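Trainee: I would like a close look at a single part of this model, namely the charged side chains that pair with one another, together with the sheet and the core around them. Could you take me through that part slowly, in one connected answer?

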Amino acid sequence: MGRRLRRIHVDGADYRWLVRSGGESHVELRVWGGANGRGCRLDVRVAFDDPWLNFGLIITAPPERIAEVMELEPITPAVVERVVRAGLAEGWRPDGAAGSMRFALDSAREQLVRS
């Protein structure tokens, strides 16, 4: 999984983000705000079953059941936009003190849960 830093503009503000591998069953989305990115970082654990690591299960499971047992949805700019808005609603302040706020994404309800 690449560590390419990307940019996104949400509700009049600029953010930078990247996705890091978190293991076999999740990835970590990291978001920084502001021009210099020195403030508070938003770290969000997102369920993701790496298709390369789970190839056997993917090819043997009935196609109609894959979505029930696997989380294969990638992190897209639309997901990042929702996460930024949810983080702000939960009290994340990108221009706050250095450090990070940690959450997990509850994909069923599309909400952030403190972790």
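Mentor: What follows starts with the sheet, turns to the salt bridges, and ends with the nonpolar core. Please keep in mind throughout that this is a predicted model.

Six strands form an open sheet with mixed pairing, and their order across the sheet is E1-E2-E3-E4-E5-E6. The edges are taken by E1 and by strand E6 (111–114), and because each of these has a single partner strand, one side of each is left without a neighbour in the sheet. From one strand to the next, the twist averages 35 degrees. At the E1 edge, E1 and E2 pair in the antiparallel sense over five bridges, and within this pair Ile 8 stands opposite Tyr 15 in E2. Helix H3 packs on the sheet, where it touches E1, E2, E3, E4, E5 and E6, and its direction makes about 60 degrees with that of E1.

With that frame in place, we can turn to the charged side chains. The count of salt bridges comes to seven, taking a side-chain nitrogen of Lys or Arg within 4 Å of a carboxyl oxygen of Asp or Glu as the rule. One of them joins Arg 85 to Asp 11, with the closest N and O atoms 2.8 Å apart. This pair links distant parts of the chain, since Arg 85 lies in helix H3 (residues 77–89) and Asp 11 in the loop between strand E1 (6–10) and strand E2 (13–21), 74 residues apart. Arg 85 is partly exposed, with a relative accessible area of 36%, whereas Asp 11 is exposed, at 59%. The backbone of Asp 11 also deserves a look, for Asp 11 has a positive phi of about 50 degrees although it is not a glycine. To place that value, recall that most residues other than glycine have a negative phi.

Elsewhere in the sheet, Arg 102 takes part in two salt bridges that can be followed in turn. With Glu 28, the side chain of Arg 102 meets in a salt bridge of 3.3 Å, N to O. That pair too links distant parts of the chain, with Arg 102 in strand E5 (residues 99–106) and Glu 28 in strand E3 (residues 26–33), 74 residues apart. With Asp 43, the side chain of Arg 102 meets in a salt bridge of 3.4 Å, and here the partner sits in strand E4 (residues 40–47), 59 residues apart from Arg 102. Arg 102 counts as partly exposed, at 38% relative accessibility, while Glu 28 counts as buried at 9% and Asp 43 counts as buried at 1%; the limit that matters for these two acidic residues is that buried means under 20%. Put together, Glu 28, Arg 30, Arg 41, Asp 43 and Arg 102 are linked in a network of salt bridges.

Finally, there is the nonpolar part of the picture. The largest nonpolar core has 22 residues, and those that touch the most other members are Trp 17, Leu 29, Val 31, Val 44, Ile 75, Val 80 and Trp 92. The elements giving two or more residues to this core are E1, E2, E3, E4, H3 and E5. Val 80 is a useful residue to trace on the model: leaving aside its neighbours within four places in sequence, Val 80 is in contact with Ile 8, Trp 17, Leu 29, Val 31 and Ile 75.

Definitions and conventions:
Residues are numbered from 1 along each chain as its sequence is written. This is a predicted model: local features need pLDDT of at least 70, side-chain atom pairs count only at pLDDT 80 or more; totals for chains, interfaces and linings use all residues. Side-chain values use heavy atoms; hydrogens and water are left out. Helices (H or I, at least four residues) and strands (E, at least two) are DSSP runs, numbered from the N terminus. Buried means under 20% relative accessible area, exposed over 50%, partly exposed in between (1.4 Å probe, protein chains only). A nonpolar core is a set of buried Ala, Val, Leu, Ile, Met, Phe, Trp, Tyr and Cys residues joined through side-chain atoms within 4.5 Å. Contact means heavy atoms within 4.5 Å. Two strands pair if DSSP finds at least two bridges between them. Axes are lines fitted to C-alpha atoms, for helices over the stretch in contact, and angles run from 0 to 180 degrees between N-to-C directions.
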